[in-house]
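Here's a quick walk through one chain, starting with the overall fold and ending at a few aromatic rings. Have a look at the model first.

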Amino acid sequence: MTHRMPFSSTAPAFFQAQLKLTMAAKKGLGDDVLAELAVLRASQLNRCAFCIDMHVQNLRAAGVDQQRIDLLPAWEEARDLYSERERAALAFTEAVTLLTEGSVPDAVYERAAAHFTDVELAHLLAVIVAINNWNRINVTVRAQPGEKM
């Protein structure tokens with residue numbers, strides 16, 4: 001697959017706005033590892049190789065155990081590796097990312113709300129929205145792992 005366009009230089013104003021959106025979303029969450037787990041999971045669901053590669057590297061750099069990274073696609077079965085808070089965030093991430101399956105169920109929302117303040121939950125939602133934007137851009141332009149955007 002050939003990279004279709006250099007998005008960052010083709011739409012620089014949007015690219016910069018998307019960077020700022022992402023930074024603002026993460027800043028309000030206050031938990032970098034949790035944010036990286038959420039964006040990695042969304043990127044896995046969206047099959048964005050560029051983003052998967054980036055966020056795996058970010059988690060490794062943060063000192064996250066490799067087993068937690070490797071088993072993220074099976075987080076529900078790997079219960080001992082993820083805290084209740086992380087599992088609530090991952091369920092929320094999947095529901096928001098897979099909106100084509102209907103909606104964000106009340107039970108998923110309530111589970112997340114039990115582990116996050118309203119501000120934290122709003123920022124988790126913003127992180128998920130931001131990564132879904134990035135995934136759609138990078139999959140469409142066929143950004144490859146390790147390439148510059």
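What follows covers the fold, the surface and charges, and then the aromatic pairs.

Keep in mind that this is a predicted model. On secondary structure, the chain has eight helices and zero strands, so reading from the N terminus you just get α-α-α-α-α-α-α-α. The C-alpha trace spans about 40 × 30 × 30 Å along its principal axes. A compact globule of 149 residues would have a radius of gyration near 15 Å, and the chain agrees, with 15 Å. Take the contacts between residues at least 6 apart in sequence: 68% of them join residues at least 24 apart.

As for the surface, 40% of the 149 residues count as buried. The accessible surface comes to about 8100 Å², with 56% of that belonging to carbon and sulfur atoms. There are 15 positive and 18 negative side chains, and the centres of these two sets lie 8 Å apart.

Now for the rings: the structure holds three aromatic pairs. Two of them are set out here.

| Pair | Centre distance | Plane angle | Class |
|---|---|---|---|
| Phe7 and Phe14 | 6.0 Å | 90 degrees | edge-to-face |
| Phe15 and Trp134 | 5.5 Å | 75 degrees | edge-to-face |

The Phe15 and Trp134 pair links distant parts of the chain: Phe15 sits in helix α2 (residues 12-29) and Trp134 in helix α8 (residues 118-141), 119 residues apart. How buried or exposed are these rings' residues? Phe15 is buried at 11% relative accessibility, and Trp134 is buried at 7%. In the other pair, Phe7 is buried at 16%, while Phe14 is partly exposed at 42%.

How values were computed:
Residues are numbered from 1 along each chain as its sequence is written. This is a predicted model: local features need pLDDT of at least 70, side-chain atom pairs count only at pLDDT 80 or more; totals for chains, interfaces and linings use all residues. Side-chain values use heavy atoms; hydrogens and water are left out. Helices (H or I, at least four residues) and strands (E, at least two) are DSSP runs, numbered from the N terminus. The radius of gyration is taken over C-alpha atoms; the globule rule is 2.2 Å times the number of residues to the power 0.38. Buried means under 20% relative accessible area, exposed over 50%, partly exposed in between (1.4 Å probe, protein chains only). Contact means heavy atoms within 4.5 Å. Accessible areas come from the Shrake-Rupley method with a 1.4 Å probe; for residues, only the protein chains shown count as cover. Lys and Arg count as positive and Asp and Glu as negative; His and the chain ends are not counted. The place of a charge is taken as NZ of Lys, CZ of Arg, CG of Asp or CD of Glu. Rings of Phe, Tyr and Trp (its six-membered ring) pair if their centres lie within 6.5 Å; planes under 30 degrees apart count as stacked, over 60 as edge-to-face and the rest as tilted.
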